[in-house]
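I opened this notebook to record what I looked up in one structure. The entries concern charged pairs and nonpolar surface.

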Amino acid sequence: MLQSSKSKKRIQTVLELRRTSSRSTSVIKNSGAEEDLQQLMDQRKMERMISNQESARRSRMRKQKHLDDLTAEVVWLR
């Protein structure tokens, strides 16, 4: 799946912020297995977010193609 550079930068920024904040708060509130579980949940959440962004992008592209097809059909029918 191709991502725009803007999307990649945003994802990298979110990941870095997530890692930084996760480290500082998890040291205070979690230890051992709890910290591992929190990191796993954070990773899955981030993966879902990225997957959802890509799905939304594909949906917008399908919608735009459909609109373009309808516009072309209107032009052809006139």
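The entries below take the salt bridges first and the surface patch afterwards.

Entry 1. I note at the outset that the model is predicted. I searched the whole structure for salt bridges and obtained two. As background, I recall that side chains of opposite charge can pair when their charged atoms come close.

Entry 2. I looked up the pair formed by arginine 57 and glutamate 54, whose side chains meet in a salt bridge with an N to O distance of 3.0 Å. I located both residues in helix H2, three residues apart, which is about one turn of the helix. I then asked whether glutamate 54 is buried or exposed. Its relative accessible area is 6%, so I entered glutamate 54 as buried, the cut-off being under 20%. Arginine 57 has 25% relative accessibility and therefore counts as partly exposed.

Entry 3. I turned to lysine 65, which forms a salt bridge with aspartate 69; their closest N and O atoms are 2.9 Å apart. Lysine 65 and aspartate 69 are separated by about one helical turn because they lie four residues apart in helix H2. I recorded aspartate 69 as partly exposed, because its relative accessibility is 40%.

Entry 4. I next examined the nonpolar surface. Which residues make the nonpolar surface patch? I found Leu37, Leu40 and Met41, with a patch area of about 260 Å². I placed leucine 37 in helix H2, which covers residues 33-77. Leucine 37 counts as partly exposed because its relative accessibility is 48%, and partly exposed lies between the limits of 20% and 50%.

Notes
Residues are numbered from 1 along each chain as its sequence is written. This is a predicted model: local features need pLDDT of at least 70, side-chain atom pairs count only at pLDDT 80 or more; totals for chains, interfaces and linings use all residues. Side-chain values use heavy atoms; hydrogens and water are left out. Patches are made of residues with over 30% relative accessible area and no salt bridge: like charges are joined within 9 Å, nonpolar side chains (Val, Leu, Ile, Met, Phe, Trp, Tyr) within 5 Å. Accessible areas come from the Shrake-Rupley method with a 1.4 Å probe; for residues, only the protein chains shown count as cover. A salt bridge is a side-chain nitrogen of Lys or Arg within 4 Å of a carboxyl oxygen of Asp or Glu. Helices (H or I, at least four residues) and strands (E, at least two) are DSSP runs, numbered from the N terminus. Buried means under 20% relative accessible area, exposed over 50%, partly exposed in between (1.4 Å probe, protein chains only).
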